[in-house]
Amino acid sequence: MNDITISIQDKTYRSGHLDDRQHQAIADLQLGVGRNEFVCLLGPSGCGKTTLLNMIAGLDSHYQGHIRIGSQAATAKIGYVFQNPRLLPWYTVRQNIEVVFAQTPPAALIDALLADMQLSDVQQVYPERLSLGMQRRVAIIRAFAINPDILLMDEPFVSLDAPSARQVRNLLYSLWQQRPHTVLFVSHDLREAIALADRLIFLSPPPMRIISDIPVNIPRELRNDEAQIEAFREHLLSQHPAINGLL
Ligand code: ADP
Ligand code: MG
C-alpha cells in the first residue's frame, strides 16, 4: 500500500494578463511512494519539479488532480528543505530549528539531530557565520525535527563544492537510515541520486510526465562506494539511453 499517492491530471500556470498566456507544467502524472521509501526525482531544469513539490506541500492548490499523504491528508506533517536554506538571520542555529514548533521544542531530539549533523558546536551561532553546507544541514535538521509524514527536499546540495556536497549527502543518508522517513528528493545529479535513492524517477521537459521509474538495488552499506555508484550509472545509461539527453 502506498504511503503517498499522487495523481495530477493538469497543472497549468496562467499569466493572469489580458492575453492570458498559459504554460502547462504537468499533464498527466501518476506516482505512488511507499512508506519510508527514498525516491529521487530527476529531470531537466524547468521541467516542473519544484512545482510538484509545492503542490505536495500544499503551497499550491491550483491544479486538477489529487494528492494523498498517509491516511489523513488534511493533517499530514510536511518537512520541506527548499533549494535555498531559508534560515532566519536574527535567530541562532538552534532557534532556527526551534522556531518550527508551536509548543515547547523537543530539546533531546534537537540535541541528537545537531550531533548527528555535526553542528552541536555551532548551535548558538548566527547563520551568517556558517558555510553554505552548514546552513543546508540546519535546514535538513529543521525538516526532520517535526517527524514529518513526508520529507520534501528540493536540490538541497546545489551550488556546494563536490567534497561539501558529498559530506552533507553522507550525513543525510546516515540520518535517514537511523530515522527512516518517506522522502521525495529532487536532484539533477545522477550520481548523487544513485547514492541516496531506493528509486529513481526520470521526468520529461514540460508538460512533465514520468519517462522511467528505476529501482536502485545497491546494498545500503555500499552507497558511499564511488565505484559501485559509477558502475550502476553506466549500466543505467546503457539500458536507458534517453536519460543521457535529459540531465
Ligand atoms: P524545475 O523545478 O523543474 O526547474 P519549476 O517547477 O520551477 O521547474 O518550473 C516548471 C515550469 O513552470 C517552468 O517552465 C517555469 O517557467 C514555469 N513556472 C514556474 N513557476 C511559475 C509561475 N509562478 N508562473 C508561471 N510559470 C511558472
Ligand atoms: Mg526547481
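This is a short talk on the pockets, salt bridges and aromatic contacts of one predicted model.

Hi everyone, thanks for coming. Please keep in mind throughout that we are looking at a prediction. I'll start with the pockets, go on to the charged pairs, and finish with the rings.

So, pockets. Rolling a probe the size of a water molecule over the atoms shows where empty space is left. In this model the largest pocket has a volume of about 270 Å³. Its lining is made of 15 residues, and those nearest the centre are Phe157, Ala165, Arg169, Asp189 and Glu192. Two elements, α5 (162-178) and α6 (190-196), give two or more residues each to that lining. Which of the elements gives the most to the lining of the largest pocket? That is α5, with 4 residues. As for the chemistry, the lining of the largest pocket divides into 7 charged, 6 nonpolar and 2 polar residues.

Now please turn to the second largest pocket, which holds about 180 Å³ of space. Here 12 residues form the lining, with Met55, Ile56, Ala57, Gly58 and Ile67 nearest the centre. Helix α1 (49-56) and strand β5 (64-69) each supply at least two of the lining residues. By class, this second lining has 9 nonpolar residues, 2 polar ones and 1 charged one.

On to the charged pairs. Side chains of opposite charge can pair when their charged atoms come close. How many salt bridges does a search of the whole structure find? The count is 12, and I'd like to walk you through a few of them.

Let's begin with Asp3 and Arg35, whose side chains meet in a salt bridge at 3.6 Å, N to O. Asp3 belongs to strand β1 (residues 2-14), while Arg35 sits in the loop between β3 (29-34) and β4 (38-42), so this pair ties together parts 32 residues apart in sequence. Are the two partners buried or exposed? Asp3 counts as buried, at 10% relative accessibility. Arg35, on the other hand, is exposed, with a relative accessible area of 60%.

Next come Asp60 and Lys11, which form a salt bridge at 2.9 Å, N to O. Asp60 is in the loop between α1 and β5 and Lys11 is in strand β1, so the bridge ties together parts that are 49 residues apart in sequence. Asp60 is buried, with a relative accessible area of 11%. Lys11 counts as buried too, at 3% relative accessibility. While you have Lys11 on screen, look at Tyr13 as well: Lys11 lies over the face of that ring, 4.5 Å from the ring centre.

My third example is Glu37 with Arg199, a salt bridge at 3.1 Å, N to O. Glu37 lies in the loop between β3 and β4, and Arg199 in strand β9 (residues 199-203), so parts 162 residues apart in sequence are tied together. Both Glu37 and Arg199 are buried. There is a further partner here, because salt bridges that share partners join Glu37, Arg199 and Asp213 into one network.

Last topic: the aromatic rings. A pair of aromatic rings is described by the distance of the centres and the angle of the planes. The model has 6 aromatic pairs.

Take Phe38 and Trp176: their ring centres are 5.1 Å apart and their planes stand at 90 degrees, so this pair is edge-to-face. The pair links distant parts of the chain, with Phe38 in strand β4 and Trp176 in helix α5, 138 residues apart. Both of these residues, Phe38 and Trp176, are buried.

Phe38 has another ring partner in Phe185, and that pair is tilted, at 5.8 Å centre to centre with 40 degrees between the planes. Phe185 lies in strand β8 (residues 183-187) and Phe38 in strand β4, so the contact ties together parts 147 residues apart in sequence. Phe185 is buried, as is Phe38.

If you widen the view a little, ring pairs link Phe38, Phe157, Tyr173, Trp176 and Phe185 into a cluster. You may recognise Phe157 from earlier, as one of the residues nearest the centre of the largest pocket.

One more contact before I stop: the charged end of Arg86 sits over the ring of Phe82, 3.7 Å from its centre.

That's my tour. Thanks for listening, everyone!

Technical notes:
Residues are numbered from 1 along each chain as its sequence is written. Chains are lettered from A and ligands numbered from 1 in the order in which they are written. This is a predicted model: local features need pLDDT of at least 70, side-chain atom pairs count only at pLDDT 80 or more; totals for chains, interfaces and linings use all residues. Side-chain values use heavy atoms; hydrogens and water are left out. On a 1 Å grid over the protein atoms alone, a cavity is a set of points where a 1.4 Å probe fits but cannot get out, and a pocket is an open set with protein on both sides within 12 Å along at least five of seven lines; lining residues have an atom within 4 Å of a point. Grid points are joined across faces, edges and corners, and a volume is the space filled by probe spheres set on the points. Ala, Val, Leu, Ile, Met, Phe, Trp, Tyr, Cys and Pro count as nonpolar, Asp, Glu, Lys and Arg as charged, and the others, Gly among them, as polar. A salt bridge is a side-chain nitrogen of Lys or Arg within 4 Å of a carboxyl oxygen of Asp or Glu. Buried means under 20% relative accessible area, exposed over 50%, partly exposed in between (1.4 Å probe, protein chains only). Rings of Phe, Tyr and Trp (its six-membered ring) pair if their centres lie within 6.5 Å; planes under 30 degrees apart count as stacked, over 60 as edge-to-face and the rest as tilted. A charge sits over a ring if NZ of Lys or CZ of Arg is within 6 Å of the ring centre and within 35 degrees of the ring normal.
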